[in-house]
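Thanks for sharing this one. Here are a few notes to read alongside the structure.

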Amino acid sequence: MFFHMIELTLQNRMNEVKKLYESLSLIGSLSLAISLPWIIYKALHLQRSLNNLFGKVVVITGASSGLGEALAHEFYMKGCQVVLCARRRQELDRVRTDLMHSHSTVQTHPPIIIPLDLADLDNLVENLKKIITVTGKVDILINNGGVSHRGNVLSTNIDVDMKIMMVNYFGTVALTKAVLPDMVKRNEGHIVFISSVQGLIALPERSAYSASKHAVQAFGDSLRAEVADNNISVSVISPGYIQTNLSLNALTGSGDSYGQMDDSTKSGYTPEYVAKKIVKAVAQKKKEMIISSMLPKIAIFLRKYLPSLYFFAMARRAKKSSLK
Ligand SMILES: NC(=O)c1ccc[n+]([C@@H]2O[C@H](COP(=O)([O-])OP(=O)(O)OC[C@H]3O[C@@H](n4cnc5c(N)ncnc54)[C@H](OP(=O)(O)O)[C@@H]3O)[C@@H](O)[C@H]2O)c1
């Protein structure tokens, strides 16, 4: 249409150009008239959903740094009572102080700290009981705490596979199971799993991490179906790279800390950006969400519809690896 208009202009057929322009403006006005109410409705609906978060009890694991810390700020700003969980008590204290000082004008509840180790399965039920004793209930559980992996299969000790699976999968599952009976009894609740793009596509030298996140995805999908009748929502969130300490804290094949900030992590989204998106998704009870640039989305598409191309690309990546 646009090129046709240029052609007519060049031929000096101005009357036809005018008519074409008028019909185009009519189409533009019509589509605006149809889409504007929809956009306004969506914006109001989102605002209403965000307002509904006020006063909710939100338990966040891995709240001592990175994405968990950013999520604590976002939920706190929405007026939620946040319960901060992780192993390092000092860091949790820092996050709590930061929350209370940075948003002193927000009408909200003081944050609560519950130090816990996701690998210590036996104590997770006790820790959850402690939370419920203080808050009376858990409205939203954000399963965010996790650890990554750097190393190829051949040189990774089975202990490392087990440790990563324990924290990312079994710890998450145990805490979810601990919170569920109360949610079922109250006939409401929301369980959120922070998975990863690597829960949908596996990368070389991340076997334990990718496997644990694939397991989390599958667990979330099964659970969603099972608790649909109990008015319990399940959201599985799959972010791409985020600028956090995840690669620094990742375990190598021998179980040491990797200790390096990967370029991909350094150039990822900010935790604040991802946290804002997650809070909106939680407010709207989205069942799943991928938060990434185009490349991981293309890789997910290829893995499903053109697997041989995906396998080829991953083999090339493994060949070029610096970890060898
Ligand atoms: N960064 C990324 O590029 C990226 C991308 C996709 C998904 N994710 C996911 O986002 C989540 C948060 O990671 P992050 O990026 O924010 O990295 P991070 O800064 O290293 O945070 C990891 C958090 O998990 C906690 N944690 C680790 N081991 C734990 C254990 N045994 N028990 C309890 N808590 C434990 C840590 O706290 P303590 O050390 O105090 O226990 C910390 O608060 C993870 O599930 C990760 O897989 C990250």
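1. Let me start with the record: an unreviewed UniProt entry lists residues 20-41 as "transmembrane region". Please keep in mind that we are looking at a predicted model. In this model the span 20-41 is 100% helix and 0% strand, and its end C-alpha atoms lie 32 Å apart.

2. On the overall layout, the chain is divided into domain 1, residues 2-42, and domain 2, residues 56-291. The centres of domain 1 and domain 2, taken over C-alpha atoms, are separated by 49 Å.

3. Now to the ligand. Which residues come nearest? Of the 30 residues around the ligand, those are Gly62, Gly66, Arg87, Gly146 and Thr244. Sorted by class, the shell around the ligand holds 15 polar, 11 nonpolar and 4 charged residues.

4. Two helices deserve a look here: H3 (66-77) and H8 (246-249) each supply at least two residues of the shell around the ligand. H3 gives the largest share of that shell, with 3 residues.

5. Finally, helix H11, residues 294-305. How far apart should the ends of its 12 residues be? At 1.5 Å a residue, H11 should span 16 Å, and its end C-alpha atoms are indeed 16 Å apart, so the expected and modelled spans agree. H11 is also hardly covered: the count of buried residues among its 12 is 1.

Definitions and conventions: Residues numbered from 1 in each chain as written. Predicted model: local features only at pLDDT ≥ 70, side-chain atom pairs only at ≥ 80, totals over all residues. Helix = DSSP H or I, 4+ residues; strand = E, 2+ residues; numbered from the N terminus. Expected span 1.5 Å × (residues − 1). Buried ≥ 20, exposed ≤ 12 C-beta atoms within 10 Å, placed from the backbone. Domains from an automatic or database assignment. UniProt positions renumbered as here; feature names shortened; annotations may be inferred. Near = placed C-beta within 6 Å. Nonpolar A, V, L, I, M, F, W, Y, C, P; charged D, E, K, R; others polar.
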